[in-house]
Protein chains: 2
Amino acid sequence: MPDTAAYEPTGRTVPTRSRERASYDRELVHGILDEGYVCHLGFVRDGAPVVLPTLYGRIGERLYVHGSTGSRPLRMTGKADTGLAVCLTVTHVDGLVLARSAFHHSINYRSVVVHGIAYEVTDPEERRTALDALVDQVVPGRSYDSRQANAKELAATAVIRLDLNEVSAKVRTGGPNDEPEDSALPHWTGVLPVVRGYGTPIPADDLDPSVELPGYLAVL
Amino acid sequence: MPDTAAYEPTGRTVPTRSRERASYDRELVHGILDEGYVCHLGFVRDGAPVVLPTLYGRIGERLYVHGSTGSRPLRMTGKADTGLAVCLTVTHVDGLVLARSAFHHSINYRSVVVHGIAYEVTDPEERRTALDALVDQVVPGRSYDSRQANAKELAATAVIRLDLNEVSAKVRTGGPNDEPEDSALPHWTGVLPVVRGYGTPIPADDLDPSVELPGYLAVL
């Protein structure tokens, strides 16, 4: 499939409602994924759902998640030849939508939901590339400005991969959708934008004062 | 159980690693929940995990989630006399932790994971209180300054409840934990605080200009 084609909708990526908010556009999906670094990873353990926040990195049509070889989802994936069924979700909140009616209150957001089977990555080169991607997803350029993992650290780290096949985005933008008959009500109505940013960097206690703040942090 | 007692740890709320980050303190859990309004709700559908972002509200030891009666998790809960097994997770990212080694990069965060069975709320009074809580979770005080749901809107809205019984928080704070032998490496190291806030409110196109911005928005 060419990289520009949309993802193929499936039974579980077509929502039962608000279908106009759903999208399978590859660029849109990539953009939402690339703006974040924390996902919520869902899997089934003893028949019950588990949802854990974790970091992720994207390389093309592959997402990577890492963790201690002792953590549950990574252990579960490594044990299973068949991989582990997961759902990986990334959400950005862009604004609070305040309507005149309680019912029409909403949130402007962009989210991506990925369904699929996660597999443990064993190829050493792919593991290294994935670990770099995980660092660079949080701070682009940082993997070049830190000590790479040594053999002991690599042995303690599990990496799992989830391919972007069954994927959908959901986006809400714009103002409130009040009922026409509510238009004369006296309540303030509109959108409160939600903004994200970074505060002043806090150097570690033992940082040599001659080490300057790198350019890739100054531009964040 | 008195409201001040800690939550009882269970097999699935005790992590396999980083146990020092786990807490069952009720006030800490409430504080993390009250600072947010978007959770990631996990459930199992046809044997596979599903994770969806959705709003929540807290009243004491109960969490509420709402949605269209046509949406999948709410339909699944309503159909089942036994309720629906869910995992509800709330995460705040507080900082990016940049270590000298790639391995020790981390995130300062606070998260709460709630396991349990969600039940549909059918009592009209509890439904109304829950819907107010959902609005006030996003903007405290807003439920008093909007038109309450009418019969038609109430009929279109499903509310589910999840009790806070099997609950844990996980918190990471502080600076990087680099290896002593890395201390002379030339990389900048420290924490980049992540800040959240609100932009300038954007009035709806049809807002009467004489309606002033309410005080509860001005203080956010």
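**Notebook: cysteines, the A–B contact and Asn108(B)**

I looked for disulfides (pairs of cysteine sulfur atoms within 2.5 Å) and counted 0 over all chains. The model is a predicted one, in which local features need pLDDT of at least 70 and side-chain atom pairs count only at pLDDT 80 or more, while totals for chains, interfaces and linings use all residues. Residues are numbered from 1 along each chain as its sequence is written, chains are lettered from A in the order in which they are written, and side-chain values use heavy atoms, with hydrogens and water left out.

**Entry 1: cysteines.** I asked why Cys39(A) has no bond to Cys87(A). The two sulfurs are 10.0 Å apart, which is too far, although Cys87(A) holds the closest cysteine sulfur to that of Cys39(A). I also noted that Cys39(A) is buried, at 0% relative accessibility; the term means under 20% relative accessible area, against over 50% for exposed and in between for partly exposed (1.4 Å probe, protein chains only). In chain B, the sulfur of Cys87(B) has its closest cysteine sulfur in Cys39(B), at 10.0 Å, again too far for a bond. Cys87(B) is likewise buried, at 0% relative accessibility.

**Entry 2: the two chains together.** I took contact as heavy atoms within 4.5 Å and found 86 residues of chain A and 86 residues of chain B taking part. The chains bury about 6900 Å² between them, with 66% of it on carbon and sulfur atoms; this is the accessible area (1.4 Å probe) lost on putting the two parts together, summed over both. Pro49(B), Arg147(B) and Trp188(B) supply 11% of what chain B buries against chain A, more than any other three residues.

I then counted 4 salt bridges between chain B and chain A, each a side-chain nitrogen of Lys or Arg within 4 Å of a carboxyl oxygen of Asp or Glu. One of them joins Asp182(A) to Arg147(B), with the closest N and O atoms 2.8 Å apart.

**Entry 3: Asn108(B).** I located Asn108(B) in strand β7 of chain B, strands being DSSP runs (E, at least two residues) numbered from the N terminus. Is Asn108(B) buried or exposed? I found Asn108(B) buried, with a relative accessible area of 6%. Its side chain reaches the backbone oxygen of Gly174(B) at 3.0 Å. Leaving aside neighbours within four places in sequence, I listed the contacts of Asn108(B), among them His92(B), Asp94(B), Arg172(B), Gly174(B) and Val191(B).

How values were computed: Helices (H or I, at least four residues) and strands (E, at least two) are DSSP runs, numbered from the N terminus. A polar contact is a pair of N or O atoms within 3.5 Å; within protein, one must be able to donate a hydrogen and the other to accept it, and residues adjacent in sequence count only if both atoms are side-chain atoms.
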